[in-house]
Amino acid sequence: MGSGYLIIAGAIMLFSWLVSSKLKSKFELYSKLQLRNGMSGAEIAEKMLADNGITDVRVISTPGQLTDHYNPSDKTVNLSEAVYNHRNAAAAAVAAHECGHAVQHSIGYEWLTMRSKLVPIVSVASNYVQWILLAGILMIRTFPQLLLIGIVIFAATTLFTIITLPVEYDASNRALAWLENKHMLTQEEQAGAKDALKWAARTYVVAAIGSIATLLYYISIYSGNRRS
């Protein structure tokens, strides 16, 4: 695909690795900061839901690491086993963040609604878009429209990563505001939760930047072929 693509891909991979490594180290650090209130991640989540008047969302444990998520289809806050059971600042931050998505859902937060509508499209597109783009580049002289189709599909996945940014940042802001206003954490624990969520959010920023850069690269290939 050319040296340009390799440079872009390499830079994105390096940046992503640096942010992911920093995030891992932060969570390891704040996982050692035990909560003075003694509450587990599950208990934190249940209280935040109750305080926001949400009674139709269940908090459940899900296997694996970094598998925490809110599922709007069945209204469940899914917490990884470490977050669900543990009683530290990292677990509190993650649990409250996922409940932030439940709050978004309950009030009809527009960015979450938009992202949810894109999920089926992106799920299908992600399985085929790379193959369409590759075929489009190989056939650019004889069938340039195929590359254009791939670009349009990839643009949808890029839009998804962009829309994800306000959704994730808003969920974190809601989580941190609730933790602070309800005096759930000590100052040290609150600072740790804020720092952990800050680095978690940056992984989404990296994903969005990488997707935008890749999209522009494919557009440049298509535009260059049209000029030649």
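**Figure 1. Glutamine 190 and its surroundings in the predicted model.** In this predicted model, a polar atom of the glutamine 190 side chain lies 3.2 Å from the backbone oxygen of leucine 176. Glutamine 190 belongs to helix 7. With a relative accessible area of 15%, glutamine 190 is buried, because the cut-off for buried is under 20%. Leaving aside residues up to four places away in sequence, glutamine 190 touches Leu176, Leu179, Glu180 and Leu185. Leu176 therefore appears both as a residue touched by glutamine 190 and as the residue whose backbone oxygen lies 3.2 Å from a polar atom of that side chain.

**Figure 2. Histidine 97 and its polar contacts.** Histidine 97 is part of helix 4, which covers residues 89-107. Its relative accessibility is 8%, so histidine 97 counts as buried. Two side-chain partners are shown. The side chain of glutamate 168 makes a polar contact of 2.8 Å with the side chain of histidine 97. The side chain of histidine 101 is joined to that of histidine 97 by a polar contact of 3.2 Å. When residues up to four places away in sequence are not counted, histidine 97 touches Glu168, Ala171, Ser172, Ala175 and Leu197. Glu168 is thus found among the touched residues and also as a polar partner of histidine 97.

**Figure 3. Aromatic pairs involving phenylalanine 154 and tyrosine 218.** The count of aromatic pairs comes to 2. Phenylalanine 154 and tyrosine 218 form one of them, with 6.1 Å from centre to centre and 70 degrees between the planes. This pair is edge-to-face, because planes over 60 degrees apart count as such. Phenylalanine 154 lies in helix 6 (residues 144-181) and tyrosine 218 in helix 7 (residues 187-227), so the pair ties together parts that are 64 residues apart in sequence. Both residues of the pair are buried: phenylalanine 154 has a relative accessibility of 8%, and tyrosine 218 has a relative accessible area of 1%. Ring pairs link Phe154, Tyr217 and Tyr218 into a cluster.

**Figure 4. Two arginines placed over aromatic rings.** Arginine 174 lies over the face of tyrosine 109, at 5.6 Å from the ring centre. Arginine 202 is found over the face of tryptophan 199, where the distance to the ring centre is 4.4 Å.

**Figure 5. Helix 5 and its bend.** Helix 5 has 29 residues, running from 110 to 138. At 1.5 Å a residue, helix 5 should span 42 Å, and its end C-alpha atoms are 40 Å apart, which agrees. At serine 126, helix 5 bends by about 45 degrees. Which residues of helix 5 are buried? They are Leu112, Arg115, Leu118, Val122, Ala125, Val129, Leu133, Gly136 and Ile137.

**Figure 6. Helix 6 and the residue after its end.** Helix 6 contains 38 residues. From its first C-alpha to its last, helix 6 reaches 56 Å, close to the 56 Å expected at 1.5 Å a residue. Histidine 183, just after helix 6, takes a positive phi of about 55 degrees. Phenylalanine 154, from the aromatic pair shown in Figure 3, also lies in helix 6.

**Figure 7. Tryptophan 17 in helix 1.** Helix 1 covers residues 3-30 and includes tryptophan 17. Is tryptophan 17 buried or exposed? At 55% relative accessibility, tryptophan 17 counts as exposed. Tryptophan 17 and tyrosine 204 are 187 residues apart along the chain, and their C-alpha atoms are separated by 13 Å.

**Figure 8. Glycine 224 in helix 7.** Glycine 224 lies in helix 7, as does glutamine 190. Its relative accessible area is 25%, so glycine 224 is partly exposed. The C-alpha atoms of glycine 224 and histidine 86 are separated by 54 Å. Along the chain these two residues are 138 residues apart.

**Figure 9. Setting of the close-up views within the protein.** The protein has 7 helices and 3 strands. Along the sequence their order is α-α-β-β-β-α-α-α-α-α. The C-alpha trace spans about 65 × 35 × 30 Å along its principal axes. Of the 228 residues in the protein, 44% are buried. Among contacts between residues at least 6 apart in sequence, 71% join residues at least 24 apart.

Definitions and conventions
Residues numbered from 1 in each chain as written. Predicted model: local features only at pLDDT ≥ 70, side-chain atom pairs only at ≥ 80, totals over all residues. Heavy atoms only, no water. Phe/Tyr/Trp six-rings, centres within 6.5 Å; stacked < 30°, edge-to-face > 60°. Helix = DSSP H or I, 4+ residues; strand = E, 2+ residues; numbered from the N terminus. Buried < 20%, exposed > 50% of the residue type's maximum accessible area, 1.4 Å probe, protein only. Lys NZ or Arg CZ within 6 Å of the ring centre and 35° of its normal. Expected span 1.5 Å × (residues − 1). Bend = angle between axes of the 7 residues up to and from the residue. Polar contact = N/O pair within 3.5 Å; in protein donor to acceptor, adjacent residues only side chain to side chain. Contact = heavy atoms within 4.5 Å.
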